Amino acid sequence: MTIFTTLLAMPDQFARLLAQVPADQLDWEPANWAGIPSERFSARGHLCHLLDIETQGYQVRFRRTLEESLPALASLDGYQLALDHDYPRQDPAVQLDRFRTARLQTVEWLRALPASAWQRRARYGGYGEVTLDGLVRLLVSHDHQHLAGMQWLLMRLNADLELALPFE
């Protein structure tokens, strides 16, 4: 499996988890967040966050890494983005469609790059100096964190609300 295949699989993987959340629980948050392997977001919040980080985070970071000489890349405050973009008011179907489109754009753009571009460097927060290849791997890692966060949220939702969630 190539890194592009992994990146392209994410919207469908996330959609399968999101489909297990009852529509009236999309904004549910547990009383206790102990052990969450990602940021503390509701199911809808995870989806909106993924879209924002794709478009305002990684797409920008990738372009700057190619266009600038050793740029200092910004980390984004996911909780501030949630407030700024009013996540609870966002339509999940629209957000998922936008995430799919943005991820496809990201992968198409990355696929078109020459091999030499993957060694371009940037400084990124606490990670220090990273290559474009490293940034792409951080995006994959971010995806995995949010898939794990959704699994954790489903566990908590099931335990706290005593729902019978189907296995898929």
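Q: What makes the approach of the T131 side chain to G134 a polar contact?
A: The side chain of T131 reaches the backbone nitrogen of G134 at 3.0 Å. A polar contact is a pair of N or O atoms within 3.5 Å; within protein, one must be able to donate a hydrogen and the other to accept it, and residues adjacent in sequence count only if both atoms are side-chain atoms. The 3.0 Å value is inside that limit.
This is a predicted model: local features need pLDDT of at least 70, side-chain atom pairs count only at pLDDT 80 or more, and totals for chains, interfaces and linings use all residues. Residues are numbered from 1 along each chain as its sequence is written, and side-chain values use heavy atoms, with hydrogens and water left out.

Q: Why is T131 called buried?
A: Its relative accessible area is 14%. Buried means under 20%, exposed over 50%, and partly exposed in between (1.4 Å probe, protein chains only). So T131 is buried.

Q: What does T131 touch, leaving out residues up to four places away in sequence?
A: T131 touches W118, Q119, R120 and R121. Touching means contact: heavy atoms within 4.5 Å. T131 itself lies in strand β3, residues 128-131. A strand is a DSSP run of E, at least two residues; a helix is a run of H or I, at least four; both are numbered from the N terminus.

Q: How do you know that the reach of helix α2 is close to the expected one?
A: The expected span is 1.5 Å times one less than the number of residues. For the 25 residues of α2, 43-67, that gives 36 Å. The helix reaches 35 Å from first C-alpha to last.

Q: Where does α2 bend, and what does the angle compare?
A: The bend is at E54, about 35°. It is the angle between axes fitted to the seven residues ending there and the seven starting there.

Q: Why is the W33 and W152 pair called stacked?
A: The search finds seven aromatic pairs. In the W33 and W152 pair, the centres are 5.8 Å apart and the planes differ by 15°. Rings of Phe, Tyr and Trp (its six-membered ring) pair if their centres lie within 6.5 Å; planes under 30 degrees apart count as stacked, over 60 as edge-to-face and the rest as tilted. So this pair is stacked. W33 lies in the loop between α1 and α2, and W152 in helix α5, 119 residues apart. W33 is buried at 11%, and W152 at 10%.

Q: What makes the Y58 and F62 pair tilted?
A: Their planes are 50° apart, with 5.8 Å between centres. That angle is neither under 30 nor over 60 degrees. Both residues lie in α2, four residues apart, and both are buried.
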